[in-house]
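I opened my notebook for a fresh look at a protein model. Here is what I looked up, in the order I got curious about it.

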Amino acid sequence: MSKIKKRIGVLGAGNMGEAFVGALVRSKVSAPAMIAISDVRKERLDFMRATYGVLPISDNFKLFNDCAVVILAVKPQQTEGVLKQIAGHAGYGVAVRKLFISIVAGIPIRKIEELLYATLDKGLHKKLPVIRVMPNTPALVSAGMSGMSANTNATEADLATTRTILKALGKVMDFKEADLDAVTALSGSGPAYVFYFIESMIAGGLAAGLEPHAAETLTLQTLKGALQLLQDRGESPEILRRKVTSPGGTTEAALKVMESRQVKQNIVAAIVAAAQRSKELSR
């Protein structure tokens, strides 16, 4: 039985839009017949209908108007155009309360409010709460990490609905919007850092004389096992690192090179730089 009985609409059928639809259907948080999706590409709408059994809608305003929960999953550069198209429609209004969730990177709540609230009487703002979410790409396999922040019009029921949706994609945490730049830098961009490290470990295996398949297999299973050990033991990464580092051994030799080249400091600096860039994009 589905957990959310309201009709959910997803604006955008790209990777993240599909991630939301797929997670909602697989987890049975929502029934396929209660999910609508829009996109400018007919082939994507046809694919979504055939794959997930959801309702394709080519008109963004119709999707917004027909759904009680609307998830904005378009590219940042498309956001203003899509929201102006909706808010500028002759039939635009909020007769019934509607929850608006944005997963668009770099677009602050105030910008969404400016576009959606512009033609609404102030009393209607409370009927259109806005929640901003920063998910990440592992949501594609229901292993995502999302941070969320709501505007003042969101009620506890709105927050609960959003959490239910996001838990279908993985884990979720609440944040002040000011913290979402750091969330973006750490978990939003974080998968790319992990993939970069995996690339580097595989390259190191090759440089040490291993065949490509062996280097890749050893790297992926080592990372998987290390994460499992960290989760199961409940010990800090620092403690586990020390346990595997014998004085004068191979691990110590490797870590000395990393420390001499300030790997940790550079990773910290990279994440801070990503957070700063997120702030710049949100202005």
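**Entry 1: a lysine in a loop**

I started with K28, which is exposed, with a relative accessible area of 55%. The model is a predicted one, so I keep that in mind throughout. I call K28 exposed because 55% is over the 50% cut-off. I then asked where K28 lies in the chain. K28 sits in the loop between α1 (15-26) and β2 (35-38). Its backbone caught my eye too: phi of K28 is near 65°, a positive value in a residue other than glycine.

**Entry 2: a glutamine in another loop**

Next I turned to Q262, where phi is near 55°, again a positive value in a residue other than glycine. I found Q262 in the loop between α11 (250-260) and α12 (263-281). Is Q262 exposed or partly exposed? Q262 is partly exposed, because its relative accessible area is 43% and that category runs between the 20% and 50% cut-offs.

**Entry 3: stepping back**

I wanted the overall picture next. The protein has 12 helices and 8 strands, and 39% of its 283 residues count as buried. I noted that the C-alpha trace spans about 75 × 40 × 30 Å along its principal axes. About 15,800 Å² of the protein is exposed, and carbon and sulfur atoms supply 60% of that area. Counting contacts with a separation of 6 or more, I read that 70% are between residues 24 or more positions apart. For the charges, I noted 36 positive and 25 negative ones, with mean positions 4 Å apart.

**Entry 4: the sheet**

In what order do the strands of the sheet come? The 8 strands form an open sheet in the order β3-β2-β1-β4-β5-β6-β7-β8, and the pairing is mixed. I marked β3 (55-56) and β8 as the edge strands, since each pairs on one side only.

**Entry 5: strand β4**

I zoomed in on β4 (residues 69-72), which is covered on both faces. V69 and I71 are on one side, V70 and L72 are on the other, and all are buried. Which strands does β4 pair with? Strand β1 (residues 8-11) runs parallel to β4, with 4 bridges, and V10 has I71 as its bridge partner in β4. Strand β5 (residues 99-102) is also joined to β4 in the parallel sense, by 4 bridges. Here I saw L72 standing opposite S102 in β5. From β4 the chain crosses through helix α4 (residues 76-87) to β5, and I noted this β-α-β crossover as right-handed.

**Entry 6: strand β7**

My last stop was β7 (residues 144-150). How many of the residues of β7 are buried? I found 5 of its 7 residues buried, so the strand is mostly covered. Strand β6 (residues 130-134) pairs with β7 in the antiparallel sense over 4 bridges. I traced two of the partners in β7: V133 has M148, and M134 has G147. Strand β8 (residues 170-174) is joined to β7 by 5 bridges, and these two run parallel. One pair there is S146 with its bridge partner V172 in β8. To get from β7 to β8, the chain goes through helix α6 (residues 156-167), and this β-α-β crossover is right-handed.

Definitions and conventions
Residues numbered from 1 in each chain as written. Predicted model: local features only at pLDDT ≥ 70, side-chain atom pairs only at ≥ 80, totals over all residues. Heavy atoms only, no water. Buried < 20%, exposed > 50% of the residue type's maximum accessible area, 1.4 Å probe, protein only. Pairing = 2+ DSSP bridges. Right-handed = clockwise from strand over helix to strand, strands pointing away. Contact = heavy atoms within 4.5 Å. Areas by Shrake-Rupley, 256 points an atom, 1.4 Å probe, with all protein chains shown as cover. Lys, Arg positive; Asp, Glu negative; His and termini not counted. Charge placed at Lys NZ, Arg CZ, Asp CG, Glu CD.
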